[in-house]
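Welcome, and please take a moment to look over the model before reading on. The report below starts with one contact and then widens out to the rest of the chain.

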Amino acid sequence: QVQLVESGGGLVQAGGSLRLSCAASGRTFSSYARGWFRQAPGKEREFVAAISWNGGSTYYADSVKGRFTISRDNAKNTVYLQMNSLKPEDTAVYYCAAPRTVGATPTDQYEYDYWGQGTQVTVSS
């Protein structure tokens, strides 16, 4: 069974940094893109970042561009999200995901089939 497990969330002051990790098991995702999404209280889930299978292409939501960096280590079947200069509006549950097919790096959540359980990120003012 495919399982994605996020870690690294927590409470941080505005301006601080966190590094999220997402380890996959049950399938090797080295040929698949990977993505990060988040859902804030009372809001819809939104795209944060995505990375192509070999790390050659990355995509970011405008709200996090220049502050967040997505990366991956295919040898470890793991994707990361480095979050710097955090703002209170970054507070959300963060989810990692993998798409249903190879060959593309989608930013639409509906193109993703596999999801982690989420990790809470809280940024205090």
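With which side chain does the side chain of Arg67 make a polar contact? The partner is the side chain of Asp90, at 2.8 Å. Keep in mind that this is a predicted model.

## Arg67 and its surroundings

Let us stay with Arg67 for a moment. This residue sits in the loop that links β6 (58-60) to β7. Its relative accessibility is 10%, and because the cut-off for buried is under 20%, Arg67 counts as buried. Besides the polar contact with Asp90, the Arg67 side chain also reaches the backbone oxygen of Ser63, at 2.9 Å.

Leaving aside residues up to four places away in sequence, Arg67 touches Gln82, Met83, Asn84, Ser85, Leu86, Lys87 and Asp90. One of these, Leu86, is 19 residues from Arg67 in sequence, and the two C-alpha atoms are 7.7 Å apart in space.

## Ser63, a neighbour in the loop

Ser63, whose backbone oxygen is reached by the side chain of Arg67, is also found in the loop between β6 and β7. With a relative accessible area of 40%, Ser63 is partly exposed, whereas Arg67 counts as buried.

The side chain of Ser63 has a polar contact of its own: a distance of 3.5 Å joins it to the side chain of Arg38. Along the chain, Ser63 and Asp73 are 10 residues apart, and their C-alpha atoms are separated by 25 Å.

## Two positive phi angles

Two residues are worth a look for their backbone angles. Ser85, which is among the residues that Arg67 touches, has a phi near 50 degrees, a positive value in a residue other than glycine. Ser85 lies in the loop between β8 and β9 (92-99), and a relative accessible area of 40% makes it partly exposed.

Asn77 has a positive phi too, of about 55 degrees, although it is not a glycine. You will find Asn77 in the loop between β7 (68-73) and β8 (78-83). Is Asn77 buried or exposed? At 13% relative accessibility, Asn77 counts as buried.

## The fold as a whole

Stepping back, the protein has 11 strands and 0 helices, so the pattern read along the sequence is β-β-β-β-β-β-β-β-β-β-β. The radius of gyration is 13 Å, close to the 14 Å that the globule rule gives for 125 residues, so the protein is as compact as a globular protein of that length. Taken along the principal axes, the C-alpha atoms fill a box of roughly 40 × 25 × 25 Å.

How much of the protein is buried? Of its 125 residues, 44% count as buried. Among contacts with a separation of 6 or more, 59% are between residues 24 or more positions apart.

## Surface and charge

The accessible surface of the protein comes to about 6300 Å². Carbon and sulfur atoms account for 45% of that surface.

As for charge, there are 12 positive and 10 negative side chains in the protein. The centres of these two sets lie 5 Å apart.

Technical notes: Residues are numbered from 1 along each chain as its sequence is written. This is a predicted model: local features need pLDDT of at least 70, side-chain atom pairs count only at pLDDT 80 or more; totals for chains, interfaces and linings use all residues. Side-chain values use heavy atoms; hydrogens and water are left out. Helices (H or I, at least four residues) and strands (E, at least two) are DSSP runs, numbered from the N terminus. The radius of gyration is taken over C-alpha atoms; the globule rule is 2.2 Å times the number of residues to the power 0.38. Buried means under 20% relative accessible area, exposed over 50%, partly exposed in between (1.4 Å probe, protein chains only). Contact means heavy atoms within 4.5 Å. Accessible areas come from the Shrake-Rupley method with a 1.4 Å probe; for residues, only the protein chains shown count as cover. Lys and Arg count as positive and Asp and Glu as negative; His and the chain ends are not counted. The place of a charge is taken as NZ of Lys, CZ of Arg, CG of Asp or CD of Glu. A polar contact is a pair of N or O atoms within 3.5 Å; within protein, one must be able to donate a hydrogen and the other to accept it, and residues adjacent in sequence count only if both atoms are side-chain atoms.
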